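Trainee: I have a structure to read and little practice. Could we go through it by question and answer?

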Amino acid sequence: QVRLVESGGGSVQAGGSLRLSCAISSYTYTWGRNCLGWFRQVPGKEREGVASIAYGTGYAYYADSVKGRFTISQANSKNTVDLQMDSLSSEDTAMYYCAAGQFIPIGGVCGFRTGEYPYWGQGTQVTVSP
């Protein structure tokens with residue numbers, strides 16, 4: 001059974017940094033057919049994609065709101081996918097989820113359609129104070 005477990009959330013002041021990590025188990029990787037992503041959600045709003053990475057090419061894709069501040073990476077062991085978050089603002093406050101999908105990324109880009117990611121972690125809270 002595929003399992004994703006996030007860690008690293010917490011509280012930080014604006015301008016600070018956090019690093020989230022997602023431990024992945026029992027997941028089958030196929031070159032060019034796997035996408036891993038980080039999403040976030042605040043109460044009352046839809047879950048939105050933050051960053052994604054394609055297995056094999058390592059191509060990373062970011063939402064405009066985090067571009068230049070967040071960095072997604074996958075360990076060589078393939079067992080974790082991390083999200084380094086710098087220059088945090090209060091607008092980044094949310095529950096953060098990692099997700100895994102097995103689909104061919106269009107144009108090499110792993111998109112943010114939640115329906116394409118069948119596997120999800122339980123989430124980790126990030127709170128940024130002004």
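Mentor: Start with a term. Buried means under 20% relative accessible area, exposed means over 50%, and partly exposed lies in between. Keep in mind that this is a predicted model.

Trainee: How many of the six residues of S8 are buried?

Mentor: Use the cut-off: a residue counts as buried under 20% relative accessible area. By that rule S8 is mostly covered. The number of buried residues in S8 is five.

Trainee: In what order do the strands of the open four-stranded sheet lie?

Mentor: Strands of a sheet pair through backbone hydrogen bonds, either parallel or antiparallel. Here the pairing is antiparallel. The order is S1-S3-S8-S7.

Trainee: Which strands are at the edges of this sheet?

Mentor: Look for strands that pair on one side only. One covers residues 3-7 and the other 70-74. The edge strands are S1 and S7.

Trainee: By how many degrees are neighbouring strands of this sheet turned against each other on average?

Mentor: Ignore direction here. Then the average turn between neighbours is 15 degrees.

Trainee: How many bridges join S3 to S8?

Mentor: S3 spans residues 18-25, and S8 spans residues 80-85. The two run antiparallel. One facing pair is Ser-21 and Asp-82. The number of bridges between S3 and S8 is six.

Trainee: And how many bridges join S7 to S8?

Mentor: S7 and S8 also run antiparallel. Their bridges number five.

Trainee: Which residue in S8 stands opposite Ile-72?

Mentor: Look across from S3 to begin with. Leu-20 has its bridge partner in S8, and that partner is Leu-83. Now look across from Ile-72. The residue opposite is again Leu-83.

Trainee: Which residues form the uncovered face of S7?

Mentor: In a regular strand the side chains alternate between the two faces of the sheet. On S7 the covered face holds Phe-70, Ile-72 and Gln-74. The uncovered face holds Thr-71 and Ser-73.

Trainee: Which residues have the most contacts inside the largest nonpolar core?

Mentor: In soluble globular proteins, nonpolar side chains tend to be buried together. This core has 29 residues. Strands that each supply at least two of them include S3, S7 and S8. The residues with the most contacts are Trp-38, Leu-83, Met-85 and Tyr-96.

Trainee: How many residues are in the second, separate core?

Mentor: Look for Ala-99, Phe-103, Cys-110 and Tyr-117, which are among its members. The second core has seven residues.

Trainee: Is Ser-26 buried or exposed?

Mentor: Ser-26 sits in the loop between S3 and S4. Its phi is positive, near 60 degrees. Most residues other than glycine have a negative phi. The relative accessible area of Ser-26 is 53%, so this residue is exposed.

Trainee: What is the phi of Ser-87?

Mentor: Ser-87 is in the loop between S8 and S9. At 44% relative accessibility, Ser-87 is partly exposed. Ser-87 is not a glycine, yet its phi is positive, at about 50 degrees.

Trainee: How many charged residues line the largest pocket?

Mentor: The space in this pocket is about 150 Å³. Its lining includes Arg-40, Lys-45, Ser-90 and Ala-94. By type, the lining has two nonpolar and three polar residues. The count of charged residues is five.

Trainee: How many Å separate the C-alpha atoms of Lys-45 and Gln-74?

Mentor: Lys-45 lies in the loop between S4 and S5. With a relative accessible area of 58%, Lys-45 is exposed. Lys-45 and Gln-74 are 29 residues apart along the chain. Their C-alpha atoms are separated by 28 Å.

Trainee: How many Å apart are Val-66 and Asp-86, C-alpha to C-alpha?

Mentor: Val-66 is in the loop between S6 and S7. Its relative accessibility is 0%, so Val-66 counts as buried. In sequence, Val-66 and Asp-86 are 20 residues apart. In space they are apart by 9.2 Å.

Trainee: How many Å separate the C-alpha atoms of Lys-78 and Tyr-55?

Mentor: Find Lys-78 in the loop between S7 and S8. At 29% relative accessibility, Lys-78 is partly exposed. Lys-78 and Tyr-55 are 23 residues apart along the chain. The separation of their C-alpha atoms is 8.7 Å.

Methods
Residues numbered from 1 in each chain as written. Predicted model: local features only at pLDDT ≥ 70, side-chain atom pairs only at ≥ 80, totals over all residues. Heavy atoms only, no water. 1 Å grid on protein atoms, 1.4 Å probe; cavity = no way out; pocket = protein on both sides within 12 Å on 5 of 7 lines; lining within 4 Å. Points joined across faces, edges and corners; volume = space filled by probe spheres on them. Nonpolar A, V, L, I, M, F, W, Y, C, P; charged D, E, K, R; others polar. Pairing = 2+ DSSP bridges. Axes fitted to C-alpha atoms, helices over the stretch in contact; angles between N-to-C directions. Buried < 20%, exposed > 50% of the residue type's maximum accessible area, 1.4 Å probe, protein only. Core = buried A, V, L, I, M, F, W, Y, C linked by side-chain atoms within 4.5 Å.
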